[in-house]
2 protein chains.
Amino acid sequence: MATSLVRGKYVVTGVVDDNASDVTADGAVVQRDGEIVDVGRYQDLAARHSVDEVIGDGRQVLMPGLINAHHHGGLTPFQMGSLDLALEPWIVTRMAHRDVDTYLDTLYCAIQMIESGITTVMHNHTGRRAPGESTMDSCTQALKAYRDSGMRVAFSLFHRDQNQLVYGEERDFLAALPPELASKLGDRLGGLGMSTDEYLALFVELYERYGRNDPQGLVRILLSPANVQWCSDALLMAIKETAGSHDAGIHLHLQETIYQLMYGLRRFGKTPLGHLDELGFLGPEVSFAHGVWLEESDIDILAASGSLVCHNASSNLRLKSGVAPINKLVASGVPVAIGIDEAGINDDNDMLQEMRLVQKLHREPGVDGPCLTSHQVLRMATVNGAEASRFGGQVGAIEPGMRADMILVNLDRIAEPYLDPGTDPVDAVLYRGRGLDVDTVIVNGEVVMRDRRITMVSKDDVYAELGAQLARDPAPHEAARRPLSKELYPHVHRFYQRWPLEPGQPHYLYNRAR
Amino acid sequence: MATSLVRGKYVVTGVVDDNASDVTADGAVVQRDGEIVDVGRYQDLAARHSVDEVIGDGRQVLMPGLINAHHHGGLTPFQMGSLDLALEPWIVTRMAHRDVDTYLDTLYCAIQMIESGITTVMHNHTGRRAPGESTMDSCTQALKAYRDSGMRVAFSLFHRDQNQLVYGEERDFLAALPPELASKLGDRLGGLGMSTDEYLALFVELYERYGRNDPQGLVRILLSPANVQWCSDALLMAIKETAGSHDAGIHLHLQETIYQLMYGLRRFGKTPLGHLDELGFLGPEVSFAHGVWLEESDIDILAASGSLVCHNASSNLRLKSGVAPINKLVASGVPVAIGIDEAGINDDNDMLQEMRLVQKLHREPGVDGPCLTSHQVLRMATVNGAEASRFGGQVGAIEPGMRADMILVNLDRIAEPYLDPGTDPVDAVLYRGRGLDVDTVIVNGEVVMRDRRITMVSKDDVYAELGAQLARDPAPHEAARRPLSKELYPHVHRFYQRWPLEPGQPHYLYNRAR
């Protein structure tokens, strides 16, 4: 499709400030070869441009594509058998999951994301591999899935070089386990390893192959040290240097749980972020997922650094991490983006649902207690997501010269049987829209979902093939992982039980014991 | 329908304990004239009973109907033009809402509730009346709507006799307003009034007409003093006495916001609940909505009283009330039910969504931090809701002798393309089910929704008529309310701005400032 005109009852081109977005009634957008070339009133644009296609019947809201700024992709951990638990023991339950074909798994998730209006995802690849697959193969298959789906992706491979089982000396932990269990785990730990040089070489290869030369600019390759407690200082700084020499982004988890904060305080005598600051690791190329346990001093450090935070509201609740101090980050000028992180509250990757949870969760009591407007949340899910995923200035708003990533949201269900005529369309979508209200999704000018039908791949085939593969009995090596996970679980749980919480003074006061 | 057999791939008859529900694979339930007469394996029941109809194709989850234990009904405040705000100024924005036909408004909401699997609602009627309608007419129209929809209802009329504008001396507040505004408001306050005798007489009339003699037992009439700051001690105790003489339930709001708590501490030198306890108001016939600002001492009082708490997670977030200390209530043995309170997080009365928010919201950090299992949340939305709505022992579980209130939840979307075969069906529904997955709803043996089609009334007609009525231009008296609301708003906002928060130590620690 060379040119198209996309029409909306309301066109939301972008967020103006905390209390307003720019909205054109009966508006339209013209794109040519994936670039937005004109924005205005429908009648004017229809008169001015001869286009190959008109999209939208003038009854929907046209708005920028949504950006999911932290994700790992695939079937959800719950679908694979993990109930919600505190992060650290929950990770152990993931060991029991079946193998899944990387390509199909990623494509399944991409389809779900497109269905809720996500046009760009920050995919943090955990490096889990199907049997016989190399890590490079796994990355390639995941990238192929995004390419085939039509989505824009900021891709990084998650890497760590320490503390895989618990936040502490691996040898001590293994030594305290029953010897047979320790020996099985020791083998596994070795098998997961990759040296820093190998990791950086893999990044460079992906970067050269996809992130740098991608003709449509739909892919960015980022670096990803897993988290402070999982990475040596040497690994962190080697990554920082490589990012600098390639003008690449860095994405990592940070202070997701209270245990991660406490680990930093024990190990470094300061918060993990304070340690990163001291190392000289921070900068505008760095984005952090979670940041639930950021202290006041951390918020000051972040504000000075130019780094971003990707907020994962559902995941933080589900994994008992807590509630990130988003109001304070926003007040300090730290850019906040939103990530679904594999699931979302409904376990279905619905970005509008996640945006709504973010909006409702951070409403501090009192008539002047801080809270987020619909426009602030929309900014997080568009402009700030674009910055975090290294597509800043190219997507996240509807402006001439930017890439044509847009969605049409159906207002029928949102406004039935009545909606006060004074309602701002952005409030209407943020308060009442769900993924299933998204009609049409356009990435780089291409329609990747039309009238709720995925266009680039066969959803039915993907679902059928994925279901058929998993309907087979587990292979012996898969079956063996389940008892191993069950056996390890109580030891990890007990490790943290012996680690008493040091709660302190919270950021938000949602209730009062006395 | 005299008899029917309802079939499920899984039949969840009820909650056994915090970690398990009773589940029969390939099960069924037989009901006769609205009473459950047999529960067991499908093959056994099909052989044992000759029935008029078989419902369900053996692929769904059959479970007890859900109970929405605190609601006010109708189009949502957002649909009528109110953005989410702190409760006290938000109440002022409600003054600007259009008039709505009570019958249609209630029926619209009943349809939405049935569509998400709600079979019983605790409807707390605010007494808002369409033009020319008496309060009794308004109650009668709302009750007729529930009757026509097929739902079970615990109905109460909300009543108050003080502090309508702010929590404090009305005369002082009015005296400080611009005189013209004060005079308009003074007229309005007079017009809303009803004496305690009139209120109690109205209760008795409704009770005699519907709550006592209803042949199918689908209606309970409860009493409802609005909230401690809105009721004189004399009103509270007159209601308590009338409830006792009629064996009726009492439902009221309590400590919903920090201002309500602070009002109690200033006025009584103790919490509002402490004051109720001192009055001798408490007992097992009393249920409280919200309870966000319950202190430790309040939880002890509740545990000793036999009173219940109806938790309104979405409403508490949306209206900046906070997060109720549900984990502590549960640990103390206080029965907790769940209410949507007009909207829910998605502004659409989806009970499964509300249950999920409850489950995800109360997950305290740390490997042993308190949290709720799916079974505990299901208990809240069934057995505990039945107790709060005064249908205890009759609905809330699937057992011979109980009334036949049941729902069939479609597993197709929940389990596609894969769900670990070891997943408990209750977890599957609680983690991934949404209102739209509810296929069929049965109340008192009658099918009120079949294959997602509402059976007792025409949904299309209700939506069309409600939409048409509101599409008309506002009448002069409706149009006049909007500027009045706008004029009053800043005065109420300022009243609470001058009331500094006294936060104290919270129940939950979700993050840490230092």
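So, how many bridges join E10(A) to strand E11 of chain A, and do they run parallel or antiparallel? Five bridges, and the two strands, E10(A) and E11 (residues 286–290) of chain A, run parallel. By pairing I mean that DSSP finds at least two bridges between two strands. Helices (H or I, at least four residues) and strands (E, at least two) are DSSP runs, numbered from the N terminus.

Quick housekeeping. This is a predicted model, where local features need pLDDT of at least 70 and side-chain atom pairs count only at pLDDT 80 or more, while totals for chains, interfaces and linings use all residues. Residues are numbered from 1 along each chain as its sequence is written, chains are lettered from A and ligands numbered from 1 in the order in which they are written, and side-chain values use heavy atoms, with hydrogens and water left out.

Back to that strand. Five of the five residues of E10 (residues 250–254) of chain A are buried, so the strand is largely enclosed by the rest of the structure. Buried here is under 20% relative accessible area, exposed is over 50%, and partly exposed is in between, with a 1.4 Å probe and protein chains only. Look at the side chains: A:Ile250, A:Leu252 and A:Leu254 point one way, A:His251 and A:His253 the other way, and all are buried. If you follow A:His253 across to E11(A), its bridge partner is A:Ala289.

Over in chain B, have a look at helix H10 (residues 272–279). Its buried residues are B:Pro272, B:Leu273, B:Gly274, B:His275 and B:Leu276. What do they pack against? Helix H8 (233–246), strand E10 (250–254), helix H9 (258–268), strand E11 (286–290) and helix H11 (296–305), all in chain B; contact means heavy atoms within 4.5 Å. Just after H10(B), B:Gly280 takes a positive phi of about 85°.

Now the interface. Chain A and chain B bury about 7600 Å² between them, with 56% of it on carbon and sulfur atoms. That area is the accessible area (1.4 Å probe) that two parts lose on being put together, summed over both. Each side is easy to remember: 82 residues from chain A and 82 residues from chain B.

The rule finds ten salt bridges across the interface, a salt bridge being a side-chain nitrogen of Lys or Arg within 4 Å of a carboxyl oxygen of Asp or Glu. One to pull up on screen is B:Asp420 with A:Arg482, at 2.6 Å, N to O. There are also 50 residue pairs in polar contact across the interface, both residues at pLDDT 80 or more. For that term, take a pair of N or O atoms within 3.5 Å; within protein, one must be able to donate a hydrogen and the other to accept it, and residues adjacent in sequence count only if both atoms are side-chain atoms.

On the side of chain A that touches chain B, the elements giving two or more residues include helix H14 (351–361), helix H18 (459–471) and helix H19 (476–497). H14(A) gives the largest share, five residues.

Next, salt bridges inside the chains. The structure holds 55 salt bridges over all chains. A:Arg94 pairs with A:Glu342, closest N and O atoms 2.9 Å apart. A:Arg94 sits in helix H2 (residues 87–94) and A:Glu342 in the loop between strand E13 (336–338) and H14 of chain A, so the pair ties together parts that are 248 residues apart in sequence. A:Glu342 is buried, at 5% relative accessible area. In chain B, B:Glu342 and B:Arg94 form a salt bridge at 2.8 Å, and B:Glu342 is buried at 6%.

B:Asp347 and B:Arg318 make another salt bridge, 3.0 Å from N to O. B:Asp347 is in the loop between E13 and H14 of chain B, and B:Arg318 is in helix H12 (residues 313–318), 29 residues apart. Both are buried. There's also a network: salt bridges with shared partners join A:Asp84, A:Arg318, A:Asp347, B:Lys360 and B:Arg432.

Last stop, B:Arg98, in the loop between H2 and helix H3 (102–115) of chain B. B:Arg98 is buried, at 12%. Its side chain reaches the backbone oxygen of B:Leu470 at 3.2 Å and makes a polar contact with the side chain of B:Glu478 at 3.0 Å. Leaving aside neighbours within four places in sequence, the contacts of B:Arg98 include A:Tyr418.

In chain A, the side chains of A:Glu478 and A:Arg98 are joined by a polar contact of 3.0 Å. A:Glu478 lies in helix H19 of chain A and is buried at 9%.
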